[in-house]
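Visitor: Please show me the model and take me through it. What should I know before I start?

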Amino acid sequence: MIYNPEYECMEAEARKRLQLARLKNLVEKLYADVPFYRKKMDELGIRSRDIHSLEDIEKLPFTTKDDLRENYPHGLLACPKDRIVEVHMSSGTTGKPVVDEYTQNDINIWREAMARTMAGGGCTKDDIVQNCYGYGLFTGGPGAHYGAMTLGAEVLPMSSGNTARQLMVMKDFGSTMLACTPSYALYMAEEAGDAGVDLLKLPISKGCFGAEPWSENMRKEIEARYGMKAYDIYGLTEIIGPGVSFECEAQNGLHINEDLFYPEIIDPATGKALPDGGKGELVFTTLTKEGTPLLRYRTRDITYFMREPCTCGRTTIRMHRLFGRTDDMLIIRGVNVFPSQIEHALIEIEGTEPQYLIVLTRGESRLDEVELQVEVKQEFFSDETRGLENLRAKIESVMKSKLQIGVRVKLVEPKTIERSIGKAKRVIDKRAI
Ligand code: DLL
């Protein structure tokens, strides 16, 4: 079902006119209300009157994750603080989170974007949506919640974890749609087997999965294990959360809600627009947001645009499912983690050396496991083992509170971790995705 044909099936020229009008408005507003953008635009000598076509967007400055970090927490706010009704956050590069602050109107836009997204996966008012994306500061839980409610579906706000209870609810309440990370969907499927729950006999028939990289193989496996159609959904906290782009029944690229989020693909090295179909870094401008609107935000996600018409009837531009990122951000159990965050946390712990290695695996259980090898000062090894054990427990607890994920720490003697002459190799990712 197409939730909003007026915007999703808009004629191309009409959409461009709408995007241009919204872009000019945004530039005007950012210049007037956000000193950070005013300064950037003054440096480039550009104002909204210089924007005559969508191509002119290239004259405008980019925004990066570092800009968000430096302006934490409220530096990019574009409206009076008392208009904010909700806040979400995700990890930034060195510990400072990335913040999205929403006005009521922003929440309404998010509802609309997520209603389109979940309708793309077949959600209707008759569905019972088991929402196991995390709630709290993460955008996944509330995003899917708003989308399902807007469509009139029934929502089970499960949040992530407690798999035995997830399976019980799935069975007893007859969930028809699943919303979670793809790796958690597979983990639950494993557990279902052990718990004697036959997923193929349950009414669950579709799911919308995202927040982390996944492959066609994972899709096939989820579809086979649940007897469902599995749809890829994409988004990021900075832009709105989930709801930026989504697959339709054709499962051939993700439709971008481009009347709300203007997309570009650039060469990450030069910042220049790539010819159509070129694979590069995805950049978004939020066309209608009020709280923390962003101009040309560099997502660091790699994809290309697909402009051929889609069989579903939507006319929006599509992006290929992601190929990876231009930076070293890891997504572990759906949580964004930068190796630099780990490094920052370690520096503050007495007794550790700044040498570490992150080893990622995805075992039988299908959940990501993290081993953090840390070099510690020699004296710890000559000490009684209690010292080592205390240090290990301390690092684990610091990591848990800083990263929001459990990490198994292995302490190693100085000079054990292999040194590299060039860029240090901090991560060994053995997950087969
Ligand atoms: O993960 C928003 C979201 C929630 C999307 C639920 C889909 C479903 P962040 O925590 O800010 O927001 O992480 C955003 O996650 O830049 C991508 O690198 C990655 N990502 C998100 N969706 C996908 C996907 C949410 N479908 C970052 N495939 C993004 C691959 C994805 N990677």
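Guide: A polar contact is a pair of N or O atoms within 3.5 Å; within protein, one must be able to donate a hydrogen and the other to accept it, and residues adjacent in sequence count only if both atoms are side-chain atoms. The model is predicted: local features need pLDDT of at least 70 and side-chain atom pairs count only at pLDDT 80 or more, while totals for chains, interfaces and linings use all residues. Residues are numbered from 1 along each chain as its sequence is written, and side-chain values use heavy atoms, without hydrogens and water.

Visitor: How far is a backbone N or O atom of glutamate 212 from a nitrogen atom of the ligand?
Guide: The pair to look at is a backbone N or O atom of glutamate 212 and a nitrogen atom of the ligand. Their separation is within the 3.5 Å allowed for a polar contact. The distance is 3.2 Å.

Visitor: How far is a polar side-chain atom of aspartate 232 from a nitrogen atom of the ligand?
Guide: Aspartate 232 is among the residues that come nearest to the ligand, along with Ile233, Thr237, Asp301 and Asn336, out of 22 around it (a heavy atom within 4 Å). Here the atom of aspartate 232 belongs to the side chain, and its partner is a nitrogen of the ligand. They lie apart by 2.7 Å.

Visitor: How much of the accessible area of the ligand does the protein cover?
Guide: Aspartate 232 has a polar side-chain atom 2.7 Å from a ligand nitrogen. On its own, the ligand has 600 Å² of accessible area (Shrake-Rupley method, 1.4 Å probe). Of this area, the share covered by the protein is 97%.

Visitor: Which element gives the most to the shell around the ligand?
Guide: Helices (H or I, at least four residues) and strands (E, at least two) are DSSP runs, numbered from the N terminus. One element contributes five residues to the shell, and none gives more. That element is S7.

Visitor: What sign does phi of alanine 211 have, positive or negative?
Guide: Alanine 211 lies in the loop between S6 and H9, and one of its polar backbone atoms is 3.1 Å from a nitrogen atom of the ligand. Most residues other than glycine have a negative phi. In alanine 211 phi is near 80 degrees, and its sign is positive.

Visitor: Where is glutamine 404, in which loop?
Guide: Glutamine 404 also has a positive phi, near 65 degrees, although it is not a glycine. At 54% relative accessibility it counts as exposed (over 50%; buried is under 20%, partly exposed in between, with a 1.4 Å probe and protein chains only). Its loop runs between helix H12 (385-403) and strand S20 (408-412).

Visitor: Why are the buried residues of H9 on the same side?
Guide: In helix H9 (residues 216-226), the buried residues are Met218, Arg219, Ile222 and Tyr226. They are on the same side of H9 because of the arc they cover around the axis, taken from the directions from the helix axis to the C-beta atoms. That arc is only 105 degrees.

Visitor: Which exposed residues does the face of H9 turned away from its buried side carry?
Guide: The buried side of H9 is covered by elements that include helix H7 (163-172), helix H8 (182-194) and strand S18 (352-362), where contact means heavy atoms within 4.5 Å. Just after H9, glycine 227 takes a positive phi of about 65 degrees. The face turned away carries Asn217, Lys220 and Ala224.

Visitor: What covers the buried residues of H3?
Guide: Phe36, Tyr37, Lys40 and Met41 are buried in H3. They share one side of H3, since their arc is only 125 degrees. The face turned away from them carries the exposed residues Lys39 and Glu43. The cover of the buried residues includes H2 and H4.

Visitor: Which residues is proline 61 in contact with?
Guide: Proline 61 is found in the loop between helix H3 (35-44) and helix H4 (65-70). At 7% relative accessibility it counts as buried. Leaving aside neighbours within four places in sequence, its contacts are Lys40, Met41, Leu44, Leu295 and Arg296.

Visitor: Is arginine 22 buried or exposed?
Guide: Arginine 22 is found in helix H2 (residues 12-33). Not counting residues up to four places away in sequence, it touches Tyr7, Asp259, Leu260, Leu287 and Thr288. With a relative accessible area of 19%, arginine 22 is buried.
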